[in-house]
Amino acid sequence: MSVEFDPRLVRALRAARAVGVLTGAGISAESGIPTFRDAQTGLWARFRPEELATAEAFRRDPALVWDWYAWRRGLVAGAAPNAGHRALARLERLVPALVLVTQNVDGLHQRAGSANVVELHGNLHRSRCFAEGVVIAGDPGAGERPPRCPRCGAHLRPDVVWFGEALPAQALERAETAARACDVFFSIGTSGAVFPAAQLPLTARAAGATVVEINRDPTPLTGAASFSLLGPSGTILPALVDAAWPAT
Ligand code: BV8
């Protein structure tokens, strides 16, 4: 699929001193990781993510929620970063400053080589004590599900942000600072349904940035973006970086 870009977009990207990026589940779709909008498969088909990604669900059935994350960790372990993740890691090396803010908890941006990653919603490869909040390193292994905190005996939980929970203050601050300071802001593979993450492209726009949406489907951001590129990020992102930096 050859992709043509508006020369104004290519010029803006080439001239950018600071680039901000927000990614969602869509950028990992081509790695085989289902998005939140995709119907869940198998055992999880009867649940909606919003029903499972809450502290209430965990209190009600800790083993069910723990097993859902174990299933997702398995999907991620069997997945590889795709061309979209790699294009962002390459872009980070080509522009003076790039902050990659992700809603994803799969760690694929880091595996693709991105260094400056802000995980707004945590990371499913880390566990933390449900009672004290302390992150417990290492693989909790087999045995009781969920495992117990080695310090206090409470259940361990995934180190992710659930609905109704506050985002890590430092991560949100870094994300908002990047959105206000950038020349170009990308919103990639996200339905723009969840806040406060979905506010970031609008913050960037209000601060005068060129906002570029790359998404398979239109979203509430589409009408407000400076450029909206509809299609798979695994195709569009590498082509856009190549257009701005030919044969580098
Ligand atoms: C909070 C981690 C307050 C866990 C997730 C206004 C302000 C603040 C809060 C709210 C607000 N309004 C409502 C709220 C509450 C709530 C919220 O936003 N609810 C929504 C449903 C209305 N927000 C919260 O609860 C947040 N907390 O605000 O707390 C507070 C303050 C102080 C003290 C206490 C409380 C916390 C939200 C975080 C929830 N955790 N994930 C986990 O992963 O299990 S959310 C999860 O869903 C994701 O992280 C992501 O953020 C979100 C949406 O998913 P997307 O990434 O966008 O994926 P989706 O499937 O929706 O879309 C994929 C897109 O990709 C599609 O558009 C598709 O077209 C596209 N696509 C597909 N394939 C491709 C593609 N694009 C390109 N290429 C492809 N190949």
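Phe 58 is buried in this predicted model. Its relative accessible area is 2%. The residue sits in helix H4, which spans residues 55-60. Phe 130 is partly exposed, with a relative accessible area of 28%. This second phenylalanine lies in the loop between S4 and S5.

The structure holds 4 aromatic pairs. Phe 58 and Phe 130 form one of them. Their ring centres lie 4.9 Å apart, and the angle between the planes is 45°. The pair is therefore classed as tilted, since planes under 30 degrees apart count as stacked and planes over 60 as edge-to-face. Along the chain, Phe 58 and Phe 130 are 72 residues apart, and the pair links distant parts of the chain.

Phe 58 also pairs with Trp 162. Here the ring centres are 5.5 Å apart and the planes meet at 35°, so this pair too is tilted. Trp 162 lies in the loop between S6 and helix H8 (169-181), whereas Phe 58 belongs to helix H4, so the pair ties together parts that are 104 residues apart in sequence. Trp 162 is buried, with a relative accessible area of 2%. Ring pairs extend to further residues. They link Phe 58, Trp 68, Tyr 69, Phe 130 and Trp 162 into a cluster.

An open sheet comes next. It has 3 strands in the order S5-S4-S6, and the pairing is antiparallel. Strand S5 (135-136) and strand S6 (156-160) are the edge strands. Each of these two pairs on one side only. Strand S4 covers residues 122-129 and is joined to S6 by 5 bridges. S4 and S6 run antiparallel. Two of the partnerships can be named. Ser 127 has Pro 158 in S6 as its bridge partner, and Arg 128 has Arg 157 in S6. Helix H5 (residues 62-77) packs on this sheet and touches S4 and S6. The direction of H5 makes about 140° with that of S4. Is edge strand S6 enclosed or open to the outside? In S6, 5 of the 5 residues are buried, so the strand is largely enclosed by the rest of the structure.Packing between helices was examined for H1 and H10. Two packed helices are described by the angle between their axes and the distance between the axes. Helix H1 takes in residues 7-15, and helix H10 takes in residues 233-244. Their angle is about 75°, and their axes are 9 Å apart. An angle from 65 to 115 degrees counts as roughly perpendicular, so H1 and H10 are roughly perpendicular to each other. On the H1 side, the contact involves Leu 9, Val 10, Leu 13 and Arg 14. On the H10 side, it involves Leu 240, Ala 243 and Ala 244. By class, the contact has 6 nonpolar residues and 1 charged residue, with no polar ones.

Ser 233 lies in helix H10. At 5% relative accessibility, Ser 233 counts as buried. Neighbours within four places in sequence are set aside in its list of contacts. Ser 233 then meets Gly 26, Ile 27, Glu 30, Gly 84, Ile 188, Ile 214 and Pro 238.

Phe 227 is placed in strand S9 (residues 227-230). This residue has 15% relative accessibility, so it counts as buried. Apart from residues up to four places away in sequence, Phe 227 touches Asp 6, Arg 8, Leu 9, Thr 210, Val 211, Val 212 and Glu 213. One of these, Leu 9, also belongs to the part of H1 that meets H10. Phe 227 and Pro 168 are 59 residues apart along the chain, and their C-alpha atoms are separated by 30 Å.

Thr 102 is found in strand S2, which runs over residues 97-102. Its relative accessibility is 2%, so Thr 102 counts as buried. With neighbours within four places left aside, Thr 102 is in contact with Thr 23, His 109, Val 117, Val 118, Glu 119, Leu 120 and His 121. Thr 102 and Ser 191 are 89 residues apart along the chain. Their C-alpha atoms are separated by 13 Å.

Methods: Residues numbered from 1 in each chain as written. Predicted model: local features only at pLDDT ≥ 70, side-chain atom pairs only at ≥ 80, totals over all residues. Heavy atoms only, no water. Axes fitted to C-alpha atoms, helices over the stretch in contact; angles between N-to-C directions. Helix = DSSP H or I, 4+ residues; strand = E, 2+ residues; numbered from the N terminus. Parallel < 35°, antiparallel > 145°, perpendicular 65-115°, else oblique. Contact = heavy atoms within 4.5 Å. Nonpolar A, V, L, I, M, F, W, Y, C, P; charged D, E, K, R; others polar. Pairing = 2+ DSSP bridges. Phe/Tyr/Trp six-rings, centres within 6.5 Å; stacked < 30°, edge-to-face > 60°. Buried < 20%, exposed > 50% of the residue type's maximum accessible area, 1.4 Å probe, protein only.
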